[in-house]
Amino acid sequence: VIIGCGNVGMSYAFALVAQPNRVDQLVLIDVNQDKAIGEAMDLNHALPYSSHHITIKAGSYADCDDATMIVICAGRNQEIGETRLDLITKNYQVFQQIIAEIRKTKFSGIYLVATNPLDVMTYITYKLSKSPANKVIGSGTTLDTARLRCLLGEKLQVNPKNVHAYVLGEHGDSEFIPWDQVMIGSKAIKDFHVSNETKKLIEQEVRHS
């Protein structure tokens with residue numbers, strides 16, 4: 001079940017349709033039911049080109065009963081001038097409503113959270129859902145790490161798949177890059193003479209993209 005049919009939710013849904021996986025049923029839930037219906041129609045129309053078949057529909061919280069995973073992508077967007085942490089109050093209210101509805105069902109699966117401020121909202125999901133900690137997962141710095149590898153690949157003119165680097169910490173302003181651990185292929189980043197100024201610019205772009 002994907003809750004929230006905005007850009008993040010629908011990118012996730014499209015990836016499930018486009019890439020081989022073990023998902024056999026996908027349910028979309030959104031506060032705008034008409035949007036969820038339209039998005040489900042679009043995804044169904046793409047199935048002839050998919051490598052596998054998925055049953056896709058717009059649904060309701062009742063569909064959470066036997067779900068294996070619920071992906072929460074719902075929430076307010078970050079406005080210009082706001083930090084991710086400024087969204088806590090707005091999105092806490094959204095999550096209160098969502099998780100209250102889920103708790104009315106028999107759902108006992110995994111929560112995957114993709115709403116900002118990501119780490120805080122993951123913790124809030126854990127507290128509100130009363131689920132075991134190993135069943136509440138945030139997407140963490142996966143996106144930031146992808147951005148870092150892409151930017152380094154562009155800077156050094158190498159395939160980003162050959163950039164081995166990670167962003168650690170929270171998905172937000174306090175995240176950091178352990179530069180000493182960055183490898184390009186089998187060589188350390190120091191062998192490429194990337195200046196400290198360039199590193200700071202890359203880190204800033206990764207953090208604020």
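Is His193 buried or exposed? His193 is exposed, because its relative accessible area is 71%, and the cut-offs behind that word are under 20% for buried, over 50% for exposed and partly exposed in between, with a 1.4 Å probe and protein chains only.

## What you're looking at

This is a predicted model, where local features need pLDDT of at least 70, side-chain atom pairs count only at pLDDT 80 or more, and totals for chains, interfaces and linings use all residues. Residues are numbered from 1 along each chain as its sequence is written, and side-chain values use heavy atoms, with hydrogens and water left out.

## The chain overall

The chain has 209 residues, 41% of which count as buried. Its C-alpha trace spans about 55 × 40 × 35 Å along the principal axes. On the secondary-structure side you get six helices and nine strands; these are DSSP runs numbered from the N terminus, with helices being H or I over at least four residues and strands being E over at least two.

Contacts here mean heavy atoms within 4.5 Å. Take those between residues at least 6 apart in sequence, and 67% of them join residues at least 24 apart. The accessible surface comes to about 12,200 Å², with 52% of that belonging to carbon and sulfur atoms; the areas come from the Shrake-Rupley method with a 1.4 Å probe, and for residues only the protein chains shown count as cover. As for charge, there are 21 positive and 23 negative side chains, and the centres of the two sets lie 5 Å apart. Lys and Arg count as positive and Asp and Glu as negative, while His and the chain ends are not counted; each charge is placed at NZ of Lys, CZ of Arg, CG of Asp or CD of Glu.

## Helix H5 and what comes after

Helix H5 covers residues 142-156, and its 15 residues should span 21 Å at 1.5 Å a residue; the end C-alpha atoms are indeed 21 Å apart, which agrees. The expected span is 1.5 Å times one less than the number of residues. Buried residues in H5 are Asp144, Thr145, Leu148, Leu151, Leu152, Gly153 and Leu156. Their cover includes strand S7 (163-164), strand S8 (183-184) and helix H6 (196-208).

Right after H5 comes Gln157, sitting in the loop between H5 and S7. Its phi is near 55°, a positive value in a residue other than glycine. With 74% relative accessibility, Gln157 counts as exposed.

## Two aromatic pairs

A pair of aromatic rings is described by the distance of the centres and the angle of the planes. Rings of Phe, Tyr and Trp (its six-membered ring) pair if their centres lie within 6.5 Å; planes under 30 degrees apart are stacked, over 60 edge-to-face and the rest tilted. By this rule there are two aromatic pairs. One joins Phe107 and Tyr111, with centres 5.2 Å apart and planes at 85°, so it is edge-to-face. Phe107 and Tyr111 are both buried.

The rings of Tyr123 and Tyr126 have centres 6.1 Å apart and planes at 45°, so that pair is tilted. These two tyrosines are in helix H4 (residues 118-129), and being three residues apart they are separated by about one helical turn. An α-helix has 3.6 residues a turn, so residues three or four places apart point the same way. Tyr126 is partly exposed, at 32% relative accessibility.

## Backbone oddities and some individual residues

The peptide bond joining Asn116 and Pro117 is cis, with omega about -5°. Pro117 is in the loop between strand S5 (110-113) and H4. Back to His193: its phi is positive too, about 55°, although it is not a glycine, and its place is in the loop between strand S9 (187-188) and H6.

Asn91 lies in helix H3 (residues 88-102) and is buried, with a relative accessible area of 0%. Leaving out residues up to four places away in sequence, Asn91 touches Gly75, Arg76, Thr115, Asn116 and Met121. Also in H3 is Ala100, partly exposed at 39% relative accessibility. Ala100 and Ser129 are 29 residues apart in sequence, with their C-alpha atoms 7.9 Å apart in space.

Gly185, in the loop between S8 and S9, is partly exposed with a relative accessible area of 36%. Apart from residues up to four places away in sequence, Gly185 touches Asn162 and His164.
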